[in-house]
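Let's take a walk through this structure together. Have the model open and turn it as you read.

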Amino acid sequence: MRNKIIAANWKMNKDEYESKNLTYEILKYLNKTNNPSVYKILCVPFPFLNKIHNMCAGVNMIFVGAQNCSAFENGAYTGEVSSAMLKSLSILYAIVGHSERRIMFKESDDLILEKMKRLISKQIIPIYCCGEPFSERKKKNHIRYVLNQIEQSVCNLKKEEIKKIVIAYEPIWSIGTGITAELEDVQEMHFAIRKFIRLKYGSSVSKNLSLLYGGSVNPLNAKQIFDLPDVDGGLIGGASLKSQDFIDIVNSIN
Ligand code: PGA
């Protein structure tokens, strides 16, 4: 089933005290009003996974996710965090392939593929990010660029594995800039991704794929974006750091 998902990507913001406060504020609201058909996922920094997960325990439809995961299984990889470690904390989601990691940490499609395989092997759902730089959009090559990213990583998964991922389309030029993609451009890309998956894996996979949009989503533009036919929710950066904005965005999805 295409699940409705609003995922928060806190990135490298907030210390422990601030993280707990933000979670507390979100939970306080959800205890009053909580749409049971929307998955709320807080993707928080590694050191706070356990604490935030414990705070969210017992609250309906709120989950905690990581923002990364090692491509290696275990061993001498100083500083890495494995999918088995995430699993041992009962973490159910992890972002992979975010453009910040692709660009700043030189993550390749192959590495991202390995990370997804590690996560899926531990029953953790990868939130796979893709998206084009502005130069590709200017050349009108954006769809080919994004489908090629998907082809190089996602399409090397088995059909059964692809059923276990979420895809987030995040145009790089829109992330953290306050510039949101035009609604027709968002729909065009989401339609193209779903069609690509349908042609490769059949409609049983494409019609159940949750496709998120990310890039300067805020409480004012969220509803129009989430109402688009091929958009199933959002991956929210900056606006997820303020409890009221995040809740308003959660409430924008039907
Ligand atoms: P933004 O970030 O909402 O601040 O643009 C989105 C993301 O990077 O996932």
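One term before we set off: a residue is called exposed when its relative accessible area is over 50%, buried when that value is under 20%, and partly exposed in between. Keep in mind, too, that what you're looking at is a predicted model.

Let's try those words out on lysine 140. Its relative accessibility is 71%, so lysine 140 counts as exposed. You'll find lysine 140 in the loop between helix 6 (134–138) and helix 7 (142–152). There's something to notice in its backbone as well: the phi of lysine 140 is near 60°, a positive value in a residue other than glycine. That's worth a second look because most residues other than glycine have a negative phi. Serine 90 does a similar thing, with a positive phi of about 65° even though serine 90 isn't a glycine. Look for serine 90 in the loop between helix 3 (83–88) and strand 4 (93–96). Serine 90 is partly exposed, because its relative accessibility is 42% and the partly exposed class runs between 20% and 50%.

Now head for the ligand. Which residues come closest to it? Lys11, His98, Glu170, Gly176 and Ser216 do, out of 13 residues that surround the ligand. Sorted by class, that shell holds 8 polar, 3 nonpolar and 2 charged residues.

Several polar contacts can be picked out here. Glycine 176 uses its backbone: one of its backbone N or O atoms sits 2.7 Å from an oxygen atom of the ligand. Glycine 237 also contributes a backbone N or O atom, this one 2.9 Å from a ligand oxygen. Asparagine 9 takes part through its side chain, where an N or O atom is 3.4 Å from an oxygen atom of the ligand. How much of the ligand does the protein cover? On its own the ligand has 280 Å² of accessible area, and the protein covers 96% of that.

Stay with asparagine 9 for a moment. It belongs to strand 1 (residues 4–9). Is asparagine 9 buried or exposed? Its relative accessible area is 6%, so asparagine 9 is buried. Besides its contact with the ligand, the asparagine 9 side chain has a polar atom 3.2 Å from the backbone nitrogen of lysine 11. Lysine 11, you'll recall, is one of the residues closest to the ligand.

Next, the charged pairs. How many salt bridges does a search of the whole structure find? The search turns up 18, and a few are worth tracing by hand.

Start with lysine 51 and glutamate 16, whose side chains meet in a salt bridge at 2.9 Å, N to O. This pair links distant parts of the chain, with lysine 51 in helix 2 (residues 49–56) and glutamate 16 in helix 1 (residues 16–32), 35 residues apart. Lysine 51 has a relative accessible area of 41%, so it is partly exposed. Glutamate 16 is partly exposed too, at 32%.

Then go to lysine 200, which forms a salt bridge with glutamate 151; their closest N and O atoms are 3.0 Å apart. Because lysine 200 lies in helix 9 (residues 183–201) and glutamate 151 in helix 7, the pair ties together parts that are 49 residues apart in sequence. Lysine 200 is partly exposed at 40% relative accessibility, and glutamate 151 is partly exposed with a relative accessible area of 32%.

Another pair is aspartate 230 with arginine 194, with the closest N and O atoms 2.6 Å apart. Here aspartate 230 is in the loop between helix 11 (222–226) and strand 8 (233–236), while arginine 194 is in helix 9, 36 residues apart. Both aspartate 230 and arginine 194 are buried. Salt bridges that share partners join these two with Arg2 and Asp232 into one network.

Let's finish on the outside. Ile103, Met104 and Phe105 form a nonpolar surface patch, together offering about 340 Å² of accessible area. Isoleucine 103 lies in helix 4 (residues 99–104), and at 47% relative accessibility it counts as partly exposed. Last stop, arginine 144 in helix 7: its relative accessible area is 64%, so arginine 144 is exposed. From its C-alpha atom to that of cysteine 56 is 40 Å, with the two positions 88 residues apart along the chain.

Methods: Residues numbered from 1 in each chain as written. Predicted model: local features only at pLDDT ≥ 70, side-chain atom pairs only at ≥ 80, totals over all residues. Heavy atoms only, no water. Near = heavy atom within 4 Å. Polar contact = N/O pair within 3.5 Å; in protein donor to acceptor, adjacent residues only side chain to side chain. Areas by Shrake-Rupley, 256 points an atom, 1.4 Å probe, with all protein chains shown as cover. Nonpolar A, V, L, I, M, F, W, Y, C, P; charged D, E, K, R; others polar. Patch = residues over 30% accessible without salt bridge, like charges linked within 9 Å, V, L, I, M, F, W, Y side chains within 5 Å. Salt bridge = Lys/Arg side-chain N within 4 Å of Asp/Glu carboxyl O. Helix = DSSP H or I, 4+ residues; strand = E, 2+ residues; numbered from the N terminus. Buried < 20%, exposed > 50% of the residue type's maximum accessible area, 1.4 Å probe, protein only.
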